[in-house]
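User: Please go through this structure with me and set each term against the definition behind it.

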Amino acid sequence: MRRPRIEPQVWRAPAASPASPDPLPPLTVVPVNGVGPEDVLVDKGHVFTGVDDGRILRLTPDGRRLDLIADTGGRPLGLEWYPDGRLLVCDAKRGLLLVSRQTGEIEVLVRGGPDLRVCNNAAVAEDGTVYFTDSTSRFDLEYWKADLLEHSGTGRLLRRSPDGSVDVLLSGLYFANGVALAPDESYVVVASTGSYRLDKVELPSGRHTTLAENMPGLPDNIATGSDGLVWIAMAAARVPALDLALRLPPVIRKAAWMLPESMQMKDKPVVWVRAVDGATGRVVHDYRGVRPDFHLVTGVREEDGVVYLGSLEERAVAHFSNPPK
């Protein structure tokens with residue numbers, strides 16, 4: 001399949017902030033019968049996830065049983081709980097969905113299309129307000145690397161109100177990704193993978209501030225844990241070749257993008273998650289390690305001291321116990 005054209009923008013990546021991560025705690029890897037369980041959601045030890053053929057699955061706490069909840073017919077990414085008990089699903093192809101855990105029935109809240117190119121991740125308020133990201137208006141999900149290389153900043157943080165209206169809270173984001181809501185709903189945080197930062201929008205004023213910037217890795221999905229911290233899936237460490245490429249004239253990046261996949265720049269496999277204080281951005285936990293059977297962490301969820309992980313490319317989810325400080 002021919003790759004889409006890119007129109008690169010020159011950008012000088014800021015130097016990465018120092019990082020001294022702790023060793024990754026012992027990791028339990030649990031297979032699933034599907035590729036790319038990108039996000040994870042937890043209910044009493046049961047893990048919900050979506051895979052690349054459209055299925056939404058529920059894994060029992062012991063990892064021995066996998067139930068089919070629904071099939072969106074698209075590509076489910078971020079998962080959240082809706083106030084009425086249904087699953088809120090960010091589907092990269094179909095849009096923002098509600099899914100019944102009992103029947104698999106699907107309701108479309110915001111339809112995917114030109115106005116919602118890649119519905120990626122979300123957070124839900126108690127009244128049913130949904131904060132969610134449209135990663136890019138330029139490329140479909142399979143070409144997410146093109147958006148990072150082009151660096152044109154077309155991602156957005158959106159809000160769907162209970163009356164069905166949708167408005168833009170923040171635009172100009174570089175591959176808008178994870179979303180987390182403060183426990184008291186006083187602010188919402190959004191991750192920009194392509195600019196290595198987390199932005200915070202105060203509610204209800206809409207005032208925009210920076211929570212974390214110049215991060216040493218690529219932030220993907222984020223989620224507010226049961227501990228009140230903002231947990232961050234760090235998909236990969238920053239790639240020096242990409243930072244360098246973003247400074248180069250557009251014609252060079254256009255040529256690089258058209259190279260065969262085997263010649264494209266690669267990141268080193270890593271399992272990496274962080275947790276920061278949502279008020280100050282202070283790093284509270286930072287775990288990093290290498291496993292032969294798990295990498296590219298794109299989803300994270302902390303629940304009662306256990307940290308669950310999803311991956312865009314693996315056929316498994318994983319979890320570890322968060323060591324007490």
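The exchange below takes up the overall form and then some of the strands.

Analyst: This is a predicted model, in which local features need pLDDT of at least 70 and side-chain atom pairs count only at pLDDT 80 or more, whereas totals for chains, interfaces and linings use all residues. Residues are numbered from 1 along each chain as its sequence is written, and side-chain values use heavy atoms, with hydrogens and water left out.

User: What makes up the secondary structure of the protein?

Analyst: The protein has three helices and 25 strands, where helices (H or I, at least four residues) and strands (E, at least two) are DSSP runs, numbered from the N terminus.

User: Why is the protein called as compact as a globular protein of that length?

Analyst: The globule rule, 2.2 Å times the number of residues to the power 0.38, gives 20 Å for 325 residues, and the radius of gyration, taken over C-alpha atoms, is 18 Å, which is close to that value, so the protein is as compact as a globular protein of that length. Along the principal axes, the C-alpha atoms fill a box of roughly 55 × 45 × 40 Å.

User: What share of the residues is buried?

Analyst: Buried means under 20% relative accessible area, with a 1.4 Å probe and protein chains only, and 56% of the 325 residues meet that description.

User: What share of the contacts between residues at least 6 apart in sequence joins residues at least 24 apart?

Analyst: With contact defined as heavy atoms within 4.5 Å, that share is 52%.

User: How do you know that strand E9 and strand E10 pair?

Analyst: Two strands pair if DSSP finds at least two bridges between them; E9 (residues 95-99) and E10 (residues 106-111) run antiparallel and are joined by five bridges, so by this definition they pair. Val99 stands opposite Ile106 in E10. The two strands form a hairpin with six residues between them, and Gly104 in the turn has a positive phi of about 80 degrees.

User: Why are E3 and E6 called edge strands?

Analyst: The open sheet has four strands in the order E3-E4-E5-E6, with antiparallel pairing, and strand E3 (41-43) and strand E6 (66-71) each pair on one side only. E3 and strand E4 (residues 46-50) are linked by three bridges in the antiparallel sense, with Phe48 in E4 as the bridge partner of Leu41.

User: How many bridges join strand E16 to strand E17?

Analyst: Six bridges join E16 (residues 187-192) to E17 (residues 197-202), which run antiparallel, and Tyr187 stands opposite Glu202 in E17.

How values were computed:
Buried < 20%, exposed > 50% of the residue type's maximum accessible area, 1.4 Å probe, protein only.
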